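I open this notebook to record what I looked up, entry by entry, with the sequence and the model side by side.

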Amino acid sequence: LIKEAEITANIQTDTDTSKFSRPELDSNFVEPRDDIERTLVGIWEELLGVDKVGVQDSFFDLGGHSLVAVRLFAKVKQSFSLDFPISVLFEAPTIESCANLIREEIGDLSQAEDTSRKSPETRYRYLVPMHSGEDGNQTPFFLVAGMFGNVLNLRHLAHLIGTDRQFYGLQARGLYGDQQPHATFEEMARDYIVELRSVQPHGPYMLGGFSGGGITAYEMARQLRSLGEEVSLLVLLDTPLPQSPPLSSVDRMAIHWQRLRQKGVGYFSEWAVNRYKWEYNKFRGRMSKADAASDQYDFQSEKIETAFRNALNLYELQPQEGELHLFRPRLDRRYSLGGDRVANIDRELVFEDNGWSPYCSKVVVHEVPGNHDSMVLEPNVRVLAQTLKRTILDHEYALKNSDHPSS
């Protein structure tokens, strides 16, 4: 299964009234000045569990992350009938700036309630400028979000790459409003390319994708090359193949035998207990689906995940010329299946190159600290960013000094 990087730190619930004191911040404490700011302060203090939030305090400096952001904008929707994408936090990370966006749409709270308000128009549907740094005349870098389409967990990476380079995230359709998620990777790539070319009309392009987003980045590179454009760098952040090669019956027996040798006869009772838990959780998941669908904090993530998994089954991976850079954590070599074949703890085949070599001219593997989720989070993201930044600079240097740049 393709996993997403999410911080799973303890979050204050709606019924939890305990709060921490406001931390030491670079910003001075500024009290709310109207009803919109007062409403937002109440929401932020409740969800972040912080007392005395000022209107110029940054959401990220207060410990905010993507799980809190989902709840934050669900409550903004409840309070103001506005459907903002959570990526708006890159544009408006403070209560003051967020309140300004709300005022642009509805004026102030003294005005009559208008239930026919539409979602605010955004400059881009998919592109998210990840920081406000100057371009510096360097080639922009575009990074596709993972399976759930949320770019917030890539914020650290964007800033560590450097604010002297334009860095854009690409978020999924369907994160907000009544839009349906893309049904195929081909359709997703085409729409992303349209907005990408509004920023950078022609190559050489530098593309990447985190986890499942790497499949979309791969398809974008294929489509751009078919249009005669140059893709100088294609980066996958621990992206597996769309369909993993299945284990044979011999492989499964080898895994059972190795487990038996490690744990003795107790393995059989452990297997029975785990099987029961698996069946029970599957049943409970079916029973709770209706409740999950009505979750006010869902932000259509279940719908986006379902569309993504359906797209995996439809996608036909086509080989393309060009080099691919794979950044991945250390492999979990839990079970030996003979020769150089190994499986991980989830009984999935693992490969040095995540299986991408048959589809590219060359795969360069960079091993980074952490696991699939934590590689893009502090502190591991610092090593990832340093390695990725060096790779980007090396490719730019080679491109400037080559008479025949590769495509």
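**Entry on Tyr 176.** I began with Tyr 176, which counts as buried because its relative accessibility is 10%, under the 20% limit. I then placed Tyr 176 in the loop between strand S3 (167-170) and H5. The model is a predicted one, and in it I looked up the separation of Tyr 176 from Phe 73: their C-alpha atoms are 9.8 Å apart, although the two positions lie 103 residues apart along the chain.

**Entry on aromatic pairs.** From Phe 73 I went on to the rings, and the search of the whole structure returned ten aromatic pairs. Phe 73 and Phe 84 make an edge-to-face pair, because their ring centres are 6.4 Å apart and their planes stand at 65 degrees. Since Phe 73 belongs to helix H2 (residues 66-80) and Phe 84 to the loop between H2 and helix H3 (95-106), the pair ties together parts that are eleven residues apart in sequence. I noted both Phe 73 and Phe 84 as buried.

I next looked up Tyr 126 and Tyr 192, whose ring centres are 5.2 Å apart with planes at 55 degrees, so I entered the pair as tilted. This pair links distant parts of the chain, with Tyr 126 in the loop between H3 and strand S1 (127-129) and Tyr 192 in helix H5, 66 residues apart. Tyr 126 is buried at a relative accessible area of 3%, and Tyr 192 counts as buried at 1%. I also recorded one aromatic cluster, formed by Trp 44, Phe 59, Phe 60 and Phe 90.

**Entry on charges over rings.** Phe 60 came up again here, for the charged end of Arg 155 sits over its ring, 3.8 Å from the centre. In a second case I found Lys 52 over the face of Phe 29, at 4.7 Å from the ring centre.

**Entry on backbone geometry.** Lys 52 lies in the loop between helix H1 (35-48) and H2, and its phi is near 55 degrees, a positive value in a residue other than glycine. Asp 238, in the loop between strand S5 (231-237) and helix H7 (249-263), likewise has a positive phi, near 50 degrees. Is each of them buried or partly exposed? Lys 52 is partly exposed, with a relative accessible area of 46%, whereas Asp 238 is buried, at 11%.

I then noted two cis peptide bonds: that from Gly 203 to Pro 204 has omega near 10 degrees, and that from Glu 378 to Pro 379 has omega near 0 degrees. Pro 204 is in the loop between H5 and strand S4 (205-210), and Pro 379 is in the loop between strand S10 (360-367) and helix H11 (381-400). I keep in mind that most residues other than glycine have a negative phi, and that most peptide bonds are trans.

**Entry on cavities.** My search of the whole structure gave two cavities of 30 Å³ or more, and the largest holds about 140 Å³ of space. Its lining comprises 19 residues, of which Met 147, Ala 172, Met 188, Tyr 192 and Phe 308 are closest to the centre. Helix H5 (185-199), helix H6 (213-226) and helix H10 (301-314) each supply at least two lining residues, and the largest share, three residues, comes from H10. By class I entered eleven nonpolar, seven polar and one charged residues in this lining.

**Entry on cysteines.** I looked for disulfides and found zero. Cys 98 is buried at 4% relative accessible area, and Cys 360 is buried at 11%.

How values were computed
Residues are numbered from 1 along each chain as its sequence is written. This is a predicted model: local features need pLDDT of at least 70, side-chain atom pairs count only at pLDDT 80 or more; totals for chains, interfaces and linings use all residues. Side-chain values use heavy atoms; hydrogens and water are left out. A disulfide is a pair of cysteine sulfur atoms within 2.5 Å. Buried means under 20% relative accessible area, exposed over 50%, partly exposed in between (1.4 Å probe, protein chains only). On a 1 Å grid over the protein atoms alone, a cavity is a set of points where a 1.4 Å probe fits but cannot get out, and a pocket is an open set with protein on both sides within 12 Å along at least five of seven lines; lining residues have an atom within 4 Å of a point. Grid points are joined across faces, edges and corners, and a volume is the space filled by probe spheres set on the points. Helices (H or I, at least four residues) and strands (E, at least two) are DSSP runs, numbered from the N terminus. Ala, Val, Leu, Ile, Met, Phe, Trp, Tyr, Cys and Pro count as nonpolar, Asp, Glu, Lys and Arg as charged, and the others, Gly among them, as polar. Rings of Phe, Tyr and Trp (its six-membered ring) pair if their centres lie within 6.5 Å; planes under 30 degrees apart count as stacked, over 60 as edge-to-face and the rest as tilted. A charge sits over a ring if NZ of Lys or CZ of Arg is within 6 Å of the ring centre and within 35 degrees of the ring normal.
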